[in-house]
Structure formats: C-alpha cells, structure tokens
Amino acid sequence: MGHYPIKCIRCSHIMSNETVLFDTQDAGLKMTEMLNADRGEAVQRDFAPEAPVEAAPTAARSIWDDDDDDDFGESAQAGQSVSTLSRFMTLSAIHKFCETNQLDPCEPKWQQIYVTPDFRTDDPSDLLVGVTFQKEKGGSKVYASRRFCPVCGCELPQLSGSMPTYNLTVMGTSSSGKTVYLCALNWLLSQSEGRLPYNANITCVSANKANNDLVNRSRALFTQGLLPGTTQIVLTEPLTIQMTFRSGDQIKKCLVAMADMRGEDLVAQDGENLIMKGDYFSRADGFMLLVSPMNMPYIKSLLPESGVDAADVNVHQTLMSNINEYILPFFANGVIGAPCAIMMSKSDILMQNAGRLGIPLSNAVVAAEPQYRYTGTYFQNQDRGTRTIVNCDTPLYHFLKNAFSRSYFTSFSSLGNNVSIGEDERGNQRVQNPHLLHPIRVVDPIIYLLMSLGFLPPYYQMEAGPQYARANEEILVKWMQEHL
C-alpha cells in the first residue's frame with residue numbers, strides 16, 4: 001500500500017500529499033450537485049459565471065523557457081492567508097481556511113494504490129487526489145482536483161502518484177529530428193506498435209492535455225503527411241504518456257515524461273540557458289541524445305547534395321564544449337550515470353548511400369531488419385553498428401561514450417525509406433506519399449531506456465530459439481517477482 005512518488009514532470013521535484021498544491025479557483029461543483037443542476041434544480045454557484053478564470057501558471061510555457069517559475073512555490077505557500085482563499089493551496093491551508101471562516105470541514109479524497117515491489121515506500125498513506133470544500137458560508141461545495149508542483153508551478157498529470165514517473169531529457173542539435181521523432185514515437189505506440197517478445201507489448205496514451213497539439217500533429221503527419229513545426233512550438237510542456245506493458249494477464253503501467261531541450265540552446269555560443277537548467281539535467285532519470293549523420297564532416301563531404309542540417313559545420317564541436325562546460329559539472333565526477341540512448345537519426349540516408357559511404361551491408365544500421373527483435377544479439381548488433389558510424393566523427397564518439405557512461409547507441413528513421421517531401425499550396429512541408437511512411441527502429445530507444453529503468457523485462461539478456469527458452473523463462477520469472 002502507499003503511493004508512488006508524486007514527481008513533477010517538468011523539474012522532477014518530489015512532492016508529498018502535504019506539499020502538493022491544489023487549484024482552488026478552477027474547482028468544480030461536486031458530482032451530485034452537478035447532477036441536480038442537470039435535473040433543473042437550483043444550484044448556488046459561488047463565483048460569477050462571467051468572471052474570467054486566471055490562466056494556470058504553466059500555460060504556454062516550456063521547461064526550457066528563459067523565465068523560470070522558481071518563485072511560484074514561495075508565493076503560493078508562504079504568502080497564503082487562512083482567512084482568504086488563495087489560488088493555489090495545500091490541503092492543510094484549505095483546511096485552515098474552512099476552519100477560520102467557520103465553513104463546513106473540507107473533505108480530502110484518497111485513492112488506494114498498490115505499490116509494486118520495485119517501488120518500496122515508507123509512506124503507507126493513500127494518494128491524495130482531490131479536496132471538497134466550501135468557498136463561502138452557505139455556498140455549494142466544490143471539488144479541487146488539479147494539482148501543481150510547489151517549486152515550478154507545473155500542473156501534474158491526473159495519474160501522478162498512482163504509477164511510477166520517469167523523466168527523460170531529449171537532447172539534440174537543431175534539425176537533428178527531435179520533433180518528427182516524438183511524433184512518430186507517439187503515433188506508433190498509440191497504434192500498438194510496441195511489440196515485444198513472448199506476445200508482450202507496450203502501448204501509450206497521452207497523459208497530459210498540454211500534449212494535445214503534438215498528438216494532433218502526430219496524427220496529421222501519418223494520415224495527411226503534414227510535417228510538424230519545431231518542438232518548442234508544438235510541445236510547451238514535456239510530452240507525457242502513460243505506458244502500459246502487457247504480458248499475458250500481467251499489466252504494468254508508468255508515466256514517461258520526455259522534456260525536449262531546445263537545440264539552439266545546446267549549440268549556443270554562450271551556453272547561458274544551459275547553466276540555468278543544469279539542476280534539471282542532474283535529476284533526469286534518463287537521456288535521449290539525437291545525432292544527425294549530416295552534421296558529421298566526413299559523411300557530409302561524401303553526400304554534399306543531401307543538404308546541410310546545421311549552418312555551422314563544426315556544430316558537434318560546440319555541442320561537446322557546451323555539454324562539458326555547462327552540463328557535466330552538475331554530475332558527480334563530471335559523468336552522466338543515468339541511462340542514455342544515443343540515437344543516430346535519418347538512418348534512411350545511410351541505407352540509401354551505404355556503398356558511397358563504405359558501410360558494409362552487414363552493419364545492422366543498414367542491414368535488413370532481423371526476424372527476432374529485442375534479443376541480446378539484436379541490441380548488441382545495433383549498438384556496435386551505430387558506434388562504427390558515429391566514430392566517423394572520432395572526437396564526438398569518444399566524448400559521448402565517456403560523458404554518458406551508460407550509453408546505448410542505436411539508429412532510426414522517423415519516416416522510413418521511399419518517402420518524398422515537398423511543399424503544398426500553403427507552403428507547408430508535406431510528405432507527398434504518406435501511405436509509404438514506415439518508421440524504422442523508432443521505438444527501440446524507449447524500449448532500451450525502460451528496460452534500464454526496470455519498467456520492462458531485460459530482453460537484452462535473452463536470445464531467440466528453443467535452446468534459450470528455459471533461461472529466458474527464469475529471467476522473466478525473476479523480473480516479475482521483483483517488479484510486478
């Protein structure tokens with residue numbers, strides 16, 4: 001019993017039932033009173049319907065905005081008065097407000113959670129998910145359920161605390177393909193494309209209404225071919241999805257929040273925004289670092305007609321300098337120990353030009369997909385093949401493998417082969433033949449990270465074939481005992 005850590009999807013701050021904030025202004029009527037209102041019975045509302053509702057503190061804001069909400073918690077808690085109703089209040093503050101103003105006692109709503117063995121907790125209490133209270137004497141009771149982080153003001157997903165939350169930081173230079181990748185990942189998982197060995201799979205649904213724009217653009221990409229804009233426009237908060245792992249009658253769920261970091265900040269000459277966000281990096285559960293082959297001088301020299309991904313041909317030198325100077329100091333010994341998927345994007349370009357680039361057709365990056373995916377051999381071949389290609393930029397390769405001590409190298413293509421891109425009559429970038437969209441290994445990085453974090457079974461310890469069946473079963477049974 002108990003509940004999972006209530007973790008902010010933006011700043012990774014861990015909250016308790018006592019410190020999480022409720023939005024009292026946006027509180028709605030209790031369900032019974034709403035039903036009475038539907039039946040035509042009079043319901044006394046405690047606010048004027050025409051009164052404008054103050055925007056939530058996170059509206060249209062991003063984790064990487066220059067102006068932080070760092071003073072949100074201080075103003076929301078220290079400045080509270082028990083005699084007046086503040087916009088954001090803890091349960092105890094709402095209780096004191098009701099007591100001071102001689103209102104009916106507030107009623108907290110608790111949700112019973114069964115915590116799995118891998119998330120042991122010393123807090124046996126149920127999860128606080130809402131509070132019912134009066135705003136004024138004789139007024140109808142309202143129910144506040146929107147919870148906010150007291151540190152940065154980010155609204156929490158409704159499911160926070162009812163399942164584990166993993167915060168991933170998505171990094172990559174401009175034009176490395178982060179936006180299209182996140183759209184492709186969201187689409188594939190929502191279409192049940194996360195197939196795993198032994199008839200298991202993972203699926204996802206959006207767990208944050210701030211993701212609606214990206215979800216809609218993801219659908220537009222795969223149904224109409226319309227390419228999305230930059231991530232900072234379509235994703236103002238971390239992309240937060242509920243992952244569901246199914247294996248037979250076993251089900252396990254979690255929240256995965258993927259915070260996109262502005263590519264411009266990663267290669268900015270001054271690095272000012274990076275040092276302001278360094279503490280966020282140090283609290284991430286994992287990293288996804290996208291590297292475009294077209295930013296590698298050797299590959300670019302052999303494929304000059306494929307276009308330039310970055311204006312600065314030395315973009316990786318700036319990337320390394322900024323990570324080294326502004327990010328690594330926030331980590332012990334200057335090394336990032338959280339699991340990291342280093343992802344070579346646009347692998348379709350490498351497949352189409354393997355001969356010109358001298359890439360052996362046996363290299364897993366350009367080879368046909370094997371019959372058995374997600375085995376030890378599969379992950380090893382992908383890692384080895386991608387490392388070989390990244391090593392075309394030797395300084396970059398050695399820097400990444402040393403800076404990210406738990407790195408797994410892989411490659412992907414968000415759109416796949418055989419697609420052509422052009423402009424429509426409105427000037428929008430569009431895939432001309434969306435029916436041919438066939439993403440390659442888009443789901444692999446998230447599979448690796450979820451295995452490393454313990455949410456998925458360690459498929460990288462298993463092999464395909466009847467001779468491995470008994471050993472694989474022992475691995476699965478042990479994992480289920482520890483994690484389900």
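Here are some questions and answers on this predicted model.

Q: How far apart are the end C-alpha atoms of helix α5 (residues 212–224), against the span expected at 1.5 Å a residue?
A: Helix α5 has 13 residues, and the expected span takes 1.5 Å times one less than that number. That gives 18 Å, and the distance in the model agrees with it. From end to end, the C-alpha atoms of α5 are 17 Å apart.

Q: Which residues of α5 are buried?
A: Buried here means under 20% relative accessible area. In α5, the residues that meet this are Leu214, Val215, Ser218, Ala220, Leu221 and Phe222.

Q: Which residue follows α5, and what is the sign of its phi?
A: Just after α5 comes a residue with phi near 80 degrees. That value is positive, and the residue is Gly225.

Q: Is helix α4 (residues 178–190) largely enclosed or exposed?
A: α4 has 13 residues and reaches 18 Å from its first C-alpha to its last, close to the 18 Å expected. Its buried residues include Lys178, Tyr181, Cys183, Asn186 and Trp187. Twelve of the 13 residues are buried, so α4 is largely enclosed by the rest of the structure.

Q: Which residue with a positive phi follows α4?
A: Past the end of α4, phi turns up with a value near 60 degrees. The residue is Ser192.

Q: How many disulfides does the model have, and why is Cys152 in no disulfide?
A: A pair of cysteine sulfur atoms has to be within 2.5 Å to count. For Cys152, the nearest cysteine sulfur is that of Cys8, 3.5 Å away, so the cut-off rules the pair out. Across the model, the count of disulfides is zero.

Q: Are Cys152 and Cys340 buried or exposed?
A: The cut-off for buried is under 20% relative accessible area. Cys152 has 1%, and Cys340 has 0%. So Cys152 is buried, and Cys340 is buried.

Q: Which residues are closest to the centre of the second largest pocket?
A: This pocket holds about 620 Å³ of space. It is lined by 27 residues, which divide into 16 nonpolar, four polar and seven charged. Closest to the centre are Arg195, Glu369, Arg373, Tyr374 and Asp444.

Q: How many aromatic pairs are there, and which residues form one aromatic cluster?
A: The count comes to 16 aromatic pairs. One aromatic cluster is formed by Tyr374, Tyr378, Phe379, Tyr408, Tyr448 and Tyr460.

Q: Are the rings of Tyr166 and Phe455 stacked, tilted or edge-to-face?
A: The ring centres of Tyr166 and Phe455 are 6.4 Å apart, and a pair needs them within 6.5 Å. Their planes are at 65 degrees, and over 60 is the cut-off for the last class. So the pair is edge-to-face.

Q: How many residues apart are Tyr166 and Phe455?
A: Tyr166 sits in strand β10 (residues 165–172), whereas Phe455 is in the loop between α16 (444–452) and α17 (469–483). Both Tyr166 and Phe455 are buried. The pair links distant parts of the chain, 289 residues apart.

Q: How far apart in space are Tyr166 and Val256?
A: Tyr166 is buried, with a relative accessible area of 5%. In sequence, Tyr166 and Val256 are 90 residues apart. In space, C-alpha to C-alpha, the distance is 4.9 Å.

Q: Is Tyr198 buried, partly exposed or exposed?
A: Tyr198 lies in the loop between β11 (194–196) and β12 (200–206). Its phi is positive, about 60 degrees, although Tyr198 is not a glycine. With a relative accessible area of 45%, between the 20% and 50% cut-offs, Tyr198 is partly exposed.

Q: What is the phi of Lys346?
A: Lys346 is in the loop between β16 (340–344) and α12 (347–352). Lys346 counts as partly exposed at 22% relative accessibility. Its phi is positive in a residue other than glycine, near 55 degrees.

Q: How far apart in space are Gln25 and Ala144?
A: Gln25 lies in the loop between β3 (21–23) and β4 (28–29), and is partly exposed at 30% relative accessible area. Gln25 and Ala144 are 119 residues apart in sequence. C-alpha to C-alpha, they are 8.2 Å apart.

Notes:
Residues are numbered from 1 along each chain as its sequence is written. This is a predicted model: local features need pLDDT of at least 70, side-chain atom pairs count only at pLDDT 80 or more; totals for chains, interfaces and linings use all residues. Side-chain values use heavy atoms; hydrogens and water are left out. Helices (H or I, at least four residues) and strands (E, at least two) are DSSP runs, numbered from the N terminus. Buried means under 20% relative accessible area, exposed over 50%, partly exposed in between (1.4 Å probe, protein chains only). On a 1 Å grid over the protein atoms alone, a cavity is a set of points where a 1.4 Å probe fits but cannot get out, and a pocket is an open set with protein on both sides within 12 Å along at least five of seven lines; lining residues have an atom within 4 Å of a point. Grid points are joined across faces, edges and corners, and a volume is the space filled by probe spheres set on the points. Ala, Val, Leu, Ile, Met, Phe, Trp, Tyr, Cys and Pro count as nonpolar, Asp, Glu, Lys and Arg as charged, and the others, Gly among them, as polar. Rings of Phe, Tyr and Trp (its six-membered ring) pair if their centres lie within 6.5 Å; planes under 30 degrees apart count as stacked, over 60 as edge-to-face and the rest as tilted.
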